[in-house]
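Visitor: I'm new to reading protein structures. Could you walk me through a few features, one at a time?

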Amino acid sequence: MNYRHAFHAGNFADVFKHAILVGLLEALKTKQTPFCYFDTHAGAGRYDLRGEEARKTREHEAGVVRLLHATRLPGALHIYLNLVRALNNSSGHHDPAIYPGSPLLASLLLRESDRAVLCEKQPEEAAKLKALLAHDARIGVHARDGYSALAALLPPKERRGLVLIDPPFEAQEEEFRAIEAALLQALARWPTGTYAIWYPIKLRHQPQRFQRWFALQKIPKVLCAELLLHPDNSTLRLNGCGMVIVNAPWKFDRQLEELLPSLREHMAQGRFGETRVEWLTAD
Ligand SMILES: C[S@@+](CC[C@H](N)C(=O)[O-])C[C@H]1O[C@@H](n2cnc3c(N)ncnc32)[C@H](O)[C@@H]1O
């Protein structure tokens, strides 16, 4: 495992993922009953944008920094950006010094009665995550494989909640197969949970087999969102990314249709830019 998220924190893919994550957590909060948030690939939780890794790639400059400087953004982005701003108030600098990972964002949105289960397999990242969040009684940090944790820990006692699956995709096709296997087990144990699965796009057609898999397995209510910022023939590692959401909240497609064009507009790196919101399966 060589992947270190610190090189990519706050890039366009993180903004896409985290803006959707915040929307999903806010949707859960529209009901008073407690929920549980699972993060199978949690990372370190917080990233230093002035650190060596971020300074090397500067990916956040074309991601979260662009949005923090933007005006006329849709309401769906305000909560996410305000959380980033709040974390950076004390830095005294114009551009953010800290970028929150998915566990930190979730911890800031959970209510007193909600809970989070965070899994991170890489020991150094897990130690950082523990130092950041393990003091919080609502949060359990597990230094373990996130896929096997799903089979072991689902369903949560709350019977409501969200699972974020955000792997490093070091081996692209194999990672999709690992997600499918874990999802089948998870859905058998907890069919009503919401599952959000992030994936990278290098070539436009690459995720299609994974997308078709949901219909083949007859998994209902699956929404898919994609943001592409570079054409297939670009030499970049990442041309876009997507999120598949199983048991998406009511009208979440409309929220995404408002959100994605704005992300494309503000984070475009050339003339190219495409977004897509589509139901892969119906009710
Ligand atoms: C893309 S990063 C996660 C970023 C995080 N979800 C966020 O949004 O801030 C993927 C993380 O998964 C970890 N990882 C890789 N394989 C894992 C596995 N099988 N189980 C749990 N964590 C894993 C990596 O060490 C890395 O920290």
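Guide: Sure! One thing up front: this is a predicted model. Let's start with a single pair of residues: Cys-224 has Glu-278 in S10 as its bridge partner.

Visitor: How many bridges join strand S8 to S10, and do they run parallel or antiparallel?

Guide: General idea to begin with: strands in a sheet pair through backbone hydrogen bonds, and the pairing can be parallel or antiparallel. Here, S8, which covers residues 222-228, is joined to S10 by seven bridges, and the two run antiparallel.

Visitor: And what is the strand order in the open sheet?

Guide: Read across, the order is S5-S4-S1-S6-S7-S9-S8-S10. That makes eight strands in an open sheet, and the pairing is mixed. At the edges sit S5 (139-142) and S10 (274-281), each of which pairs on one side only. On average, neighbouring strands in this sheet are turned by 15° against each other, if you ignore direction.

Visitor: Back to Cys-224. How many disulfides does the structure hold?

Guide: Zero. To count as a disulfide, two cysteine sulfur atoms must be within 2.5 Å. For Cys-224, the closest cysteine sulfur belongs to Cys-241 and is 11 Å away, so that is too far for a bond.

Visitor: Why does Cys-36 not form a bond with Cys-119?

Guide: Because their sulfurs are 10 Å apart, and Cys-119 has the closest cysteine sulfur to that of Cys-36.

Visitor: Is Cys-36 buried or exposed?

Guide: Buried, with 0% relative accessibility. Cys-224 is also at 0% and counts as buried.

Visitor: Now the backbone. What should I look for there?

Guide: Look for exceptions to two habits: most residues other than glycine have a negative phi, and most peptide bonds are trans. One exception is the peptide bond from Leu-154 to Pro-155, which is cis, with omega near 0°. You'll find Pro-155 in the loop between helix H7 (146-153) and strand S6 (161-165).

Visitor: What about phi in Arg-72?

Guide: Phi of Arg-72 is near 55°, a positive value in a residue other than glycine. Arg-72 lies in the loop linking helix H3 (64-68) and helix H4 (75-88), and at 74% relative accessibility it counts as exposed.

Visitor: Where is Asn-247, and is it buried or exposed?

Guide: Look in the loop between strand S9 (240-246) and helix H10 (252-267). Asn-247 has a positive phi too, near 55°. Asn-247 is buried, though, with a relative accessible area of 12%.

Technical notes: Residues are numbered from 1 along each chain as its sequence is written. This is a predicted model: local features need pLDDT of at least 70, side-chain atom pairs count only at pLDDT 80 or more; totals for chains, interfaces and linings use all residues. Side-chain values use heavy atoms; hydrogens and water are left out. Buried means under 20% relative accessible area, exposed over 50%, partly exposed in between (1.4 Å probe, protein chains only). Two strands pair if DSSP finds at least two bridges between them. Helices (H or I, at least four residues) and strands (E, at least two) are DSSP runs, numbered from the N terminus. Axes are lines fitted to C-alpha atoms, for helices over the stretch in contact, and angles run from 0 to 180 degrees between N-to-C directions.
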